[in-house]
Amino acid sequence: MALPGVLGKIVEWLRAGYPQGVPDSDYIPLLALLARRLSHEEVHQVVDELRQQGGWPADRADAGVAITKITDEMPLDSDLARVREHLVAAGWPVDDEWGE
């Protein structure tokens, strides 16, 4: 069965690195490499959610809640940083407590 695009390339990469199969002890580190990241559209959804809430300046906690609502997962620091960067670039006020 042929796998489409990026998924096929990931499987090829894994098979090249683990020709005998992935050892049990390597599953967790491999999954960490494949951690989910907010898509461009999801970043926009988070910003729209923050805008609808209207509590400016936007803060890290509200952004984290919005990310969790959209993805059903805990927000990554890198995703929170991307949301903050998007807000700042658009001229929206952000709370100084984002940890940047």
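**Exercise 1.** In this predicted model, classify Lys 69 as buried or exposed, then find its salt-bridge partner.

*Solution.*
- Step 1. Take the relative accessibility of Lys 69: 54%.
- Step 2. Exposed means over 50%. Lys 69 therefore counts as exposed.
- Step 3. Look for the partner. The side chain of Lys 69 forms a salt bridge with that of Glu 49, at 2.9 Å from N to O.
- Step 4. Place both residues. Glu 49 is in helix H3 (residues 40-53) and Lys 69 is in helix H4 (residues 60-71), so the pair ties together parts 20 residues apart in sequence.
- Step 5. Check Glu 49. Its relative accessibility is 22%, so it counts as partly exposed.

**Exercise 2.** Which helices does the salt bridge of Arg 60 and Asp 77 tie together?

*Solution.*
- Step 1. Confirm the contact. The two side chains meet with N and O 2.5 Å apart.
- Step 2. Locate the ends. Arg 60 belongs to helix H4 and Asp 77 to helix H5 (residues 77-89), so the link joins parts 17 residues apart in sequence.
- Step 3. Classify each end. Arg 60, at 26%, is partly exposed. Asp 77, at 53%, is exposed.

**Exercise 3.** Decide whether Asp 79 and Arg 82 are buried or exposed, and say where the pair lies.

*Solution.*
- Step 1. Buried means under 20% relative accessible area.
- Step 2. Asp 79 has 4%, so it is buried. Arg 82 has 19%, so it is buried too.
- Step 3. Their closest N and O atoms are 3.5 Å apart, in a salt bridge.
- Step 4. Both residues sit in helix H5, three residues apart, about one turn of the helix.

**Exercise 4.** How many salt bridges does the whole structure hold?

*Solution.* A search of the whole structure finds four. Among them is the pair of Glu 49 and Lys 69.

How values were computed
Residues are numbered from 1 along each chain as its sequence is written. This is a predicted model: local features need pLDDT of at least 70, side-chain atom pairs count only at pLDDT 80 or more; totals for chains, interfaces and linings use all residues. Side-chain values use heavy atoms; hydrogens and water are left out. Helices (H or I, at least four residues) and strands (E, at least two) are DSSP runs, numbered from the N terminus. Buried means under 20% relative accessible area, exposed over 50%, partly exposed in between (1.4 Å probe, protein chains only).
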